[in-house]
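Welcome! Take a moment to look over the protein below, and then we will walk through it together.

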Amino acid sequence: MDPRSGSEAKVKRIPSAWDKMQNTKDLGAVKLQDYAAIFLAGGHGTMWDFPNHPVLSALVSQAIATNRPVGAVCHGPAGLLGATAPDGKPLVAGRKVNSFTNAEERAAGMTTVVPFLLEDRLRQAGGQFESGGVFQRFMVEDRGLITGQNPASADAVAQRMVDLLKDRVAH
């Protein structure tokens, strides 16, 4: 749990959420062929768990290589940092990308809490970072990668992913 989620006792007050957290499928057991897309939800905790996670990085890389949409919102794009394109370059290099911005991190008072600023890291990996206003809904799409800036953008990213999947079924 990220530092702002509260204590384990606080999370346990929502039994259904706690049960799901305790019964999460091991990422190593996930077979990409069983899924049509990948969605990386945000939350500050992803800043510690997602970057350069070898299994997650491989799944995201394979998804893009096999034309499966990959969506990520808020801090979820941290899961893109270890992924690579088929040519071996960072997945985000040369792609429009978005995440929780440096300005939003400052406004949330988290710049000294998170291990790095995600906007900076995406730019360093060659991402063409685009953003909307602070805490405003904003999303970008580039070659199967759909990224949203913050929680207000989650529905737009999810809807775009659903639309892409519906288009595939129709064709």
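Keep in mind that this is a predicted model. Let's begin with one helix: what covers the buried residues of α7? The cover includes the strands β1 (38–40), β2 (70–73), β5 (139–142) and β6 (145–148).

**A closer look at helix α7**
- Helix α7 runs over residues 154–170, which makes 17 residues.
- From first C-alpha to last, α7 reaches 24 Å, close to the 24 Å expected at 1.5 Å a residue.
- Ala156, Val157, Met161 and Leu164 are the residues to find here, as they are buried in α7.
- These four lie on the same side of α7 because they cover an arc of only 135° around the axis.
- Turn to the other side of α7 and you will meet Lys166, Val169 and Ala170, which are exposed.

**The whole chain**
- The protein chain contains 7 helices and 6 strands.
- Starting at the N terminus, their order is α-α-β-α-α-β-β-α-α-β-β-β-α.
- For 171 residues, a compact globule would have a radius of gyration near 16 Å, and the chain agrees with its 16 Å.
- The C-alpha trace spans about 45 × 35 × 30 Å along its principal axes.

**Inside and outside**
- Of the 171 residues in the chain, 42% are buried.
- The accessible surface comes to about 9,000 Å², and carbon and sulfur atoms account for 52% of that.

**One residue to locate**
- Asp19 sits in helix α2 (residues 15–22).
- Is Asp19 buried or exposed? Asp19 is partly exposed, as its relative accessible area is 45%.
- Between Asp19 and Gly76 there are 22 Å in space, C-alpha to C-alpha, and they are 57 residues apart in sequence.

Notes
Residues are numbered from 1 along each chain as its sequence is written. This is a predicted model: local features need pLDDT of at least 70, side-chain atom pairs count only at pLDDT 80 or more; totals for chains, interfaces and linings use all residues. Side-chain values use heavy atoms; hydrogens and water are left out. Helices (H or I, at least four residues) and strands (E, at least two) are DSSP runs, numbered from the N terminus. The expected span of a helix is 1.5 Å times one less than its number of residues. Buried means under 20% relative accessible area, exposed over 50%, partly exposed in between (1.4 Å probe, protein chains only). The arc is that of the directions from the helix axis to the C-beta atoms. Contact means heavy atoms within 4.5 Å. The radius of gyration is taken over C-alpha atoms; the globule rule is 2.2 Å times the number of residues to the power 0.38. Accessible areas come from the Shrake-Rupley method with a 1.4 Å probe; for residues, only the protein chains shown count as cover.
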